[in-house]
Amino acid sequence: MNEGPGQQSGAAAGGYPAGLVVDRTGQAEAFDAIGKRYDEAFPHKEGQIAAVQRLLSELPAGARVLDVGCGTGLPTAGQLTDAGHRVTGVDLSAGMLELARTNVPGAEFFHRDLASLRADGPRGLGRFDGITCFFTLLMLPREEIPLALGMLRSLLVPGGHLALSMVEADLDDAGIPFLGHTLRVSGYLREELRRVVTGAGFEITGEDDYAYAPASTDAPPEYQLFLNCRRD
């Protein structure tokens with residue numbers, strides 16, 4: 001069920017165009033190396049936990065939920081599983097997924113790039129009542145973010161819910177130091193982020209922001225933006 005980074009092509013309807021090939025090998029290698037140090041550097045995730053709590057209030061019992069960029073599985077996949085939902089996690093990093101399977105044995109996890117995700121077809125995941133996508137779109141160039149949002153929308157049932165977070169920053173594919181590695185990241189100021197999200201076919205139903213200073217890392221303080229959205 002694995003699909004390595006740098007080998008994905010095709011697209012979910014409403015998202016990535018067919019034939020697009022992406023290569024995020026460097027990003028995957030960085031997160032493989034970072035491993036459990038990620039949770040050590042970001043031990044406080046109040047905004048993420050609160051966004052999931054809002055999502056939980058909107059989901060039916062026993063919902064199918066997709067955690068995109070699930071990382072170590074904590075806290076999000078664990079929080080959703082503990083609430084009785086059927087959770088599927090996907091991540092680019094095989095190292096992170098190894099930790100996630102240990103941390104959240106009640107969920108299922110797949111090694112996928114988000115550009116390869118689709119509801120239908122041989123590798124299709126089906127459709128979900130809810131999706132969480134915390135800081136995953138941050139790792140894309142800006143031109144790809146609307147495609148990714150369209151793909152996420154196509155994976156939701158009509159009226160399904162998306163919990164999304166980004167760091168507020170006017171950046172496009174900029175290199176930043178992170179736990180001894182260089183990651184390429186993008187971001188928006190909040191008004192532009194709202195326009196991009198609503199332009200992809202979502203209604204924003206809730207919004208919050210948090211000032212955050214990572215622990216034990218050279219990453220600078222940041223403002224984290226959390227949006228709870230509904231597929232229109």
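Begin by selecting helix α7, residues 190-199, in this predicted model, and colour Arg195 and Gly199, which are exposed on one side of the helix. Then add Leu193, Val196 and Val197, the buried residues of α7. These three cover an arc of only 95 degrees around the axis, which means that they sit on the same side of α7, while Arg195 and Gly199 are on the other side. What lies over the buried residues? If you show the surroundings, the cover includes α6, β5, β8 (202-212) and β9 (222-231). Before leaving this region, step past the end of the helix to glycine 201, which follows α7 and has a positive phi near 100 degrees.

**The whole chain**

Now zoom out and show the chain as a cartoon, in which you can look for 7 helices and 9 strands. Of its 232 residues, 54% count as buried. Among the contacts between residues at least 6 apart in sequence, 67% join residues that are at least 24 apart. Colouring by pLDDT is a sensible next step, since the average for the chain is 87 and 81% of the residues score at least 70. Select residues 1-13 in that colouring, where pLDDT stays under 50, although the model has 51 contacts for them beyond four places in sequence. Where pLDDT is low, the predicted coordinates should not be read in detail.

**Strand β4 and its neighbours**

Next, select strand β4, residues 128-134, which is mostly covered, with 6 of its 7 residues buried. Strand β1, residues 64-68, pairs with β4 in the parallel sense over 3 bridges, and a good place to see this pairing is valine 65, which stands opposite glycine 130 in β4. Strand β5, residues 156-167, also pairs with β4 in the parallel sense, here over 6 bridges. To follow that pairing residue by residue, show isoleucine 131 with its bridge partner in β5, leucine 162, and then cysteine 133 with its own bridge partner in β5, leucine 164. If you now add helix α6, residues 145-155, you have the pieces of a right-handed β-α-β unit, made by β4, α6 and β5.

**Onward from β5 to β9**

Keep β5 selected and ask how much of it is covered: 9 of its 12 residues are buried, so the strand is largely enclosed by the rest of the structure. Besides its pairing with β4, β5 is joined to β9 by 7 bridges, and these two strands run antiparallel. Leucine 164 is a useful residue to keep in view, because you have met it as the bridge partner of cysteine 133, and it also stands opposite leucine 227 in β9.

**Helices α3 and α4**

Move now to helix α3, residues 46-56, and show its buried residues, which are Gly47, Gln48, Ala51, Val52, Leu55 and Leu56. The elements that cover them include α4, β4, β5, β8 and β9. From here, select glutamine 79, which lies in helix α4, residues 76-82. Is glutamine 79 buried or exposed? Its relative accessible area is 13%, and because the cut-off for buried is under 20%, glutamine 79 counts as buried. Leaving aside residues up to four places away in sequence, glutamine 79 touches Ile49, Val52 and Gln53. With a distance tool you can find a polar atom of the glutamine 79 side chain 3.1 Å from the backbone oxygen of isoleucine 49.

**Three places to check the backbone**

Most residues other than glycine have a negative phi, and most peptide bonds are trans. With that in mind, go first to the peptide bond from leucine 74 to proline 75, which is cis, with omega near 5 degrees; proline 75 lies in the loop between β1 and α4. Then select phenylalanine 135, in the loop between β4 and α6, where phi is positive, near 65 degrees, in a residue other than glycine. Phenylalanine 135 counts as buried, at 12% relative accessibility. Finish at aspartate 173 in strand β6, residues 171-178, which has a positive phi of about 55 degrees although it is not a glycine, and which at 31% relative accessibility counts as partly exposed.

Key: Residues numbered from 1 in each chain as written. Predicted model: local features only at pLDDT ≥ 70, side-chain atom pairs only at ≥ 80, totals over all residues. Heavy atoms only, no water. Buried < 20%, exposed > 50% of the residue type's maximum accessible area, 1.4 Å probe, protein only. Helix = DSSP H or I, 4+ residues; strand = E, 2+ residues; numbered from the N terminus. Pairing = 2+ DSSP bridges. Right-handed = clockwise from strand over helix to strand, strands pointing away. Arc of directions from axis to C-beta. Contact = heavy atoms within 4.5 Å. pLDDT = per-residue confidence, 0-100. Polar contact = N/O pair within 3.5 Å; in protein donor to acceptor, adjacent residues only side chain to side chain.
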